[in-house]
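Let's take a walk through this structure together. Keep the sequence and the 3D view side by side as you read.

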Amino acid sequence: MSAQPLAHSTAPIELATILPPEVYQQAVNQAELAISITDPKARILYANECFLRVTGYQLADIVGQNQSLLSNRSTPSTVYGEMWTALSARRPWSGKLLNKKKSGELYLAELLVTPVLNPAGELTHYLGMHRDVTELHRLEKTVRNQKHLIESVIDAAPMAFALLDPTGRIVLDNQEYKKLVTDMQVREPAHHLLDLLRPGWRETLLGDAERCEFSSRETRMDRTAGRARWLSVSASCIDIHSDCADSYFCAGGQPGLLLVISDITNLREEQERARGAALKASLAEEERTAAIREGLSAAVFRLEEPLNVMASAISVLQRRDPASAEMLRHALENSREHVESLRQVIPQSPQEMVISVNLNEILRDVLEICTPRLLNAGITVDWQPSPILPPLYGRPLQLRMLFKALLENAIEAMNVKGWLRRELQISSQLVDDCIRISLLDSGPGIPEEWRHKAFEPFFTAKSGVGKHIGTGLSRAQQVVADHGGIIDLDESPSGGCAAIVEFRIDGDPI
Ligand code: FAD
């Protein structure tokens with residue numbers, strides 16, 4: 001008799017007519033699962049071949065025995081308590097027990113016990129099915145141990161790790177990375193760093209992840225409180241294997257991006273110190289040259305005035321006293337020659353290379369150089385750098401001179417006898433496509449009518465001839481213009497002067 005497919009039958013079919021009872025028995029007997037049937041007191045009535053193979057017992061050894069003969073007596077009694085609570089309520093129970101084979105060898109059994117009820121709903125038997133999961137458990141433990149070990153090593157590592165999936169989601173990180181979140185005051189430092197060091201990474205990661213790779217790119221992180229931090233970042237592609245069911249038959253994984261972020265602040269500070277000393281010397285040298293240049297320019301500018309007066313006097317004397325006019329003309333020519341020789345020796349400003357600069361770094365350098373003067377004048381500085389600033393292409397020495405001039409103007413404005421409020425607020429901000437640097441002092445401020453004139457060469461509102469020749473702001477404006485930016489003077493919230501400088505990020509220096 002051949003078996004009929006159940007799905008095609010229209011009338012109720014007696015199962016026994018399709019599958020003879022001996023087939024059930026053979027199927028259960030040969031199943032690759034340890035099966036036992038007990039009475040309601042858990043006394044074994046039947047066990048299949050697999051049960052005998054797993055436990056090592058003969059059928060004659062176990063029939064009539066309680067299933068507890070498999071117990072190693074080390075499974076917690078609460079487990080049995082839960083098992084019997086479920087079974088007493090006619091609910092199936094599944095769990096793991098520590099069993100002992102006939103040989104005394106222990107094994108971990110994953111057991112499912114199902115109550116068997118008669119048509120009247122009375123419990124007649126229990127069906128037990130179990131398998132030896134010792135090896136599986138060992139593998140699970142090994143994987144868990146390795147995971148724990150890897151996590152401990154990653155957590156103890158002195159660098160921050162963040163693993164991003166193809167959508168940019170952080171799927172793994174470590175303690176150092178979590179510290180970065182607090183330190184950088186951004187929600188996802190990995191995204192910030194990638195935006196900065198690998199613009200367009202999101203699109204690339206989805207399409208061609210390997211193009212996101214880079215090695216040891218450095219960036220500086222400025223903080224309102226505490227010293228700036230230097231980070232070195234590397235990004236490498238690794239395969240992430242999905243744990244979703246639909247990816248079970250997929251051999252390959254999805255590309256993920258592993259970011260390794262190391263703090264190289266100490267190393268950079270050492271380099272910074274050496275650079276600072278060299279910088280101070282080169283700034284002092286450039287300032288000396290600039291002072292000579294400006295002093296000579298001012299002298300030439302001022303000499304032009306009496307020479308022009310002489311030229312007018314010559315034209316007046318020409319008719320009345322030609323001899324004196326001739327003498328004066330001769331003297332004027334000589335003087336003009338001397339002025340020209342003077343103009344020839346004016347030192348030219350050196351042509352600097354255009355490189356990628358960080359304005360926070362420039363401002364910090366200038367602050368460091370001016371610290372003694374700020375301390376002497378009793379000025380408190382509130383430095384608020386933007387945590388992350390895009391690079392600007394410019395001439396670092398010129399930019400340092402620019403901000404030093406603005407800082408010195410602020411110091412001089414506040415460092416006057418009897419002036420009580422001496423506060424300087426310096427900030428850098430990213431506003432749209434511009435980097436804005438603001439220097440707000442609490443000095444007396446600049447009258448509105450002087451705010452434009454102040455940029456004219458040789459304009460000075462300060463008394464004391466010789467000390468101020470009034471070229472600071474005109475030079476500052478020149479540097480700003482050379483970098484494609486704008487500079488403005490305004491009133492600061494405290495009534496002092498606000499010097500605002502703005503550079504476009506994509507602006508090319510002239
Ligand atoms: P037991 O004296 O057997 O019982 C411990 C506690 O369980 C008792 O205090 C009582 O509260 C409760 N309990 C026991 N029997 C009953 C009952 N009939 N009705 C209500 N509550 C009861 N155990 C294993 O260690 N390994 C196995 O592979 C295993 N397979 C089993 C398969 C089946 C089908 C069934 C029904 C039980 C199985 N058991 C198995 C459980 C086993 O019968 C014992 O309950 C268990 O081994 C604890 O034995 P014990 O001698 O320490 O305590």
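**Around the ligand**

At least two residues each of the shell around the ligand come from α5, β3 (93-100), β4 (106-117) and β5 (123-132); helices (H or I, at least four residues) and strands (E, at least two) are DSSP runs, numbered from the N terminus. This is a predicted model, where local features need pLDDT of at least 70 and side-chain atom pairs count only at pLDDT 80 or more, while totals for chains, interfaces and linings use all residues. Residues are numbered from 1 along each chain as its sequence is written, and side-chain values use heavy atoms, with hydrogens and water left out.

With 4 residues, α5 gives the most to the shell. In total, 19 residues surround the ligand (each with a heavy atom within 4 Å of it), and the closest are Asn66, Arg73, Tyr80, Trp84 and Asn99. An N or O atom in the side chain of arginine 73 is 2.7 Å from an oxygen atom of the ligand.

Now look at asparagine 72, in the loop between α4 (59-62) and α5 (77-88). Is asparagine 72 buried or exposed? Asparagine 72 counts as buried because its relative accessible area is 19%, and buried means under 20%, exposed over 50% and partly exposed in between (1.4 Å probe, protein chains only). Leaving aside neighbours within four places in sequence, asparagine 72 is in contact (heavy atoms within 4.5 Å) with Leu98, Asn99, Lys100 and Leu106.

Definitions and conventions:
Polar contact = N/O pair within 3.5 Å; in protein donor to acceptor, adjacent residues only side chain to side chain.
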